[in-house]
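Work through the exercises below with the sequence and the 3D structure side by side. Try each task before you read its solution.

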Protein chains: 2
Amino acid sequence: MARINKTQYVLLGILRMRGPSTGYEMKSFIDESLNYFWMENYGHIYPVLKKLEETGRVTCREEANPGKPDRKVYTITEAGASDLESWLSTPFEGIIFKNELLLRLFLLPPDRDEEMIRMIRKERDHNKKLLEEYAHVEEHVRSVHGKQLNALLTLSYGRKFSEAVLEWCDEAMELLKEENK
Amino acid sequence: MARINKTQYVLLGILRMRGPSTGYEMKSFIDESLNYFWMENYGHIYPVLKKLEETGRVTCREEANPGKPDRKVYTITEAGASDLESWLSTPFEGIIFKNELLLRLFLLPPDRDEEMIRMIRKERDHNKKLLEEYAHVEEHVRSVHGKQLNALLTLSYGRKFSEAVLEWCDEAMELLKEENK
DNA sequence: GGATAAATATATCATAGTGATATATATAAT
DNA sequence: ATTATATATATCACTATGATATATTTATCC
């Protein structure tokens with residue numbers, strides 16, 4: 001199974017959703033909206049945009065932008081839209097998941113419980129903060145977009161996940177404390 | 001912040017934990033034990049092993065292995081162990097998380113609820129299966145290793161996560177059904 | 001007022017990481 | 001008898017990441 005470049009579909013999807021945009025605008029949008037479950041960076045966005053143009057899936061018009069680099073405004077073509085649709089209809093792969101906390105806990109030799117506890121506590125704090133953020137974002141989404149189902153679904157996923165992590169942290173700490181009695 | 005190659009620490013950690021091993025054995029171990037939160041592949045393991053040897057963090061002895069390629073058995077050196085320790089004491093980054101399901105839900109235009117439901121159902125089934133697997137593995141870990149805290153902690157993380165996903169799937173389906181009434 | 005940071009906008013580079021594939025043989029399962 | 005799996009190494013092309021370079025305007029801080 002050939003590995004496929006998903007960035008191209010992210011960009012096509014955003015162009016379809018938001019209309020003509022620059023690479024910079026799309027990156028900002030990704031950072032705001034997809035950040036909890038997907039990320040992209042310029043080092044990938046610009047080359048992919050170039051390739052999308054070469055293969056006729058987007059068109060580009062340059063706009064003068066006094067003092068700053070010219071804006072390259074991309075628009076999705078019909079070929080691009082149909083390409084996006086056909087990708088959307090393929091079966092998808094699961095979640096790519098690399099958890100450095102679990103890796104470190106696993107690699108740490110026995111009798112290093114203090115370090116474990118320190119790491120777990122950090123993770124706990126982090127997820128507490130995330131949950132607060134989600135609450136704010138959800139409020140914002142509900143007020144601004146009416147019922148933006150997609151956004152709400154992805155948000156609730158993030159919330160469920162962080163809640164699960166919090167529970168796990170508490171249980172893990174309990175286990176470690178018990179062990180040290 | 002320079003990006004660092006984590007594979008090297010995974011390999012050093014495994015060598016410290018399991019003693020002298022070949023690349024193949026370490027890959028098998030990763031697939032069995034870390035698979036739920038970390039993965040590595042040969043395309044990275046072999047080059048990194050070579051580099052670890054060049055930088056004196058492992059030693060290598062070749063063993064004849066009639067009919068098959070020579071086994072290259074790697075052993076962690078003191079330099080390697082201290083390098084591992086110093087990495088273990090650095091602050092760690094969060095979870096790398098790329099969720100293709102959420103991406104697709106987000107990119108799908110409105111009024112495509114059937115497709116959404118299909119995707120969510122698939123995710124639900126997948127996590128149901130995972131939970132069953134975890135139950136078996138946990139039994140095995142508890143019986144074989146006595147109280148292997150690390151393994152139990154990572155397992156319970158996986159369980160919590162899948163449970164959260166199941167809950168989310170059910171809620172998401174409810175939301176979608178309500179919307180279509 | 002002057003310095004600093006952030007926003008706008010493009011792009012490239014080296015390195016990290018992935019999936020497929022090549023090579024070769026023994027053994028186990030169908 | 002055939003096929004799949006396990007053992008064992010290694011490379012390749014491509015994807016993805018983080019840092020950095022360039023250049024200007026605008027906003028913020030002391």
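**Exercise 1. Find which residues B:Arg104 touches, leaving out residues up to four places away in sequence.**

Solution. Step one: list the contacts (heavy atoms within 4.5 Å). B:Arg104 touches A:Trp87, A:Leu88, A:Thr90, A:Pro91, A:Phe92 and B:Met119, with residues up to four places away in sequence left out. Step two: place the residue. B:Arg104 sits in helix α5 of chain B, residues 100-107. Helices (H or I, at least four residues) and strands (E, at least two) are DSSP runs, numbered from the N terminus. Step three: check the cover. B:Arg104 has a relative accessible area of 1% and is buried. Buried means under 20% relative accessible area, exposed over 50%, and partly exposed in between (1.4 Å probe, protein chains only). Step four: look along the chain. B:Lys181 is 77 residues away in sequence, and its C-alpha atom is 24 Å from that of B:Arg104.

Before going on, note the ground rules. This is a predicted model, where local features need pLDDT of at least 70, side-chain atom pairs count only at pLDDT 80 or more, and totals for chains, interfaces and linings use all residues. Residues are numbered from 1 along each chain as its sequence is written, chains are lettered from A and ligands numbered from 1 in the order in which they are written, and side-chain values use heavy atoms, with hydrogens and water left out.

**Exercise 2. Describe the build of chain A: how many helices and strands does it have?**

Solution. Step one: count. Chain A has seven helices and three strands. Step two: read them in order. The pattern along the sequence is α-α-α-β-β-α-β-α-α-α. Step three: test the spread. The radius of gyration of chain A is 21 Å, well over the 16 Å that the globule rule gives for 181 residues, so chain A is more spread out than a compact globule. The radius is taken over C-alpha atoms, and the rule is 2.2 Å times the number of residues to the power 0.38. Step four: box it. The C-alpha atoms of chain A fill roughly 70 × 40 × 40 Å along the principal axes. Step five: look at burial and contacts. Of the 181 residues in chain A, 46% are buried. Take the contacts in chain A between residues at least 6 apart in sequence: 55% of these join residues at least 24 apart.

**Exercise 3. Which parts of chain A does the salt bridge between A:Asp83 and A:Arg57 tie together?**

Solution. Start with the principle. Side chains of opposite charge can pair when their charged atoms come close. A salt bridge is a side-chain nitrogen of Lys or Arg within 4 Å of a carboxyl oxygen of Asp or Glu. Over all chains, the count is 28 salt bridges. Now take the pair. A:Asp83 and A:Arg57 meet at 2.6 Å, N to O. A:Asp83 lies in helix α4 (residues 78-88) and A:Arg57 in the loop between α3 (42-54) and β1 (58-63), so the pair ties together parts of chain A that are 26 residues apart in sequence. Then check the cover. A:Asp83 is buried at 19% relative accessible area, and A:Arg57 is buried at 14%.

**Exercise 4. Are A:Arg71 and A:Glu63 buried or partly exposed?**

Solution. First, the link: their side chains form a salt bridge of 3.4 Å, N to O. Next, the cover: A:Arg71 is partly exposed at 27%, and A:Glu63 is partly exposed at 27%. Now turn to chain B. B:Glu63 forms a salt bridge with B:Arg61, with the closest N and O atoms 3.1 Å apart. Last, find a network: salt bridges link A:Arg16, A:Glu85, B:Arg112 and B:Glu115.

**Exercise 5. Compare two residues of helix α6 in chain B: where does each one make contacts?**

Solution. Leave out residues up to four places away in sequence. B:Asp113 lies in helix α6, residues 113-145. B:Asp113 is buried at 13% and touches B:Leu176, B:Glu179 and B:Asn180. B:Val137 is also in helix α6 of chain B. B:Val137 is partly exposed at 28% and touches B:Tyr36 and B:Leu155.

**Exercise 6. What is the sign of phi at A:Asp111?**

Solution. Recall the general case: most residues other than glycine have a negative phi. A:Asp111 is not a glycine, yet its phi is positive, about 65°. A:Asp111 lies in the loop between α5 (100-107) and α6 (113-145) of chain A. A:Asp111 is exposed at 75% relative accessibility.
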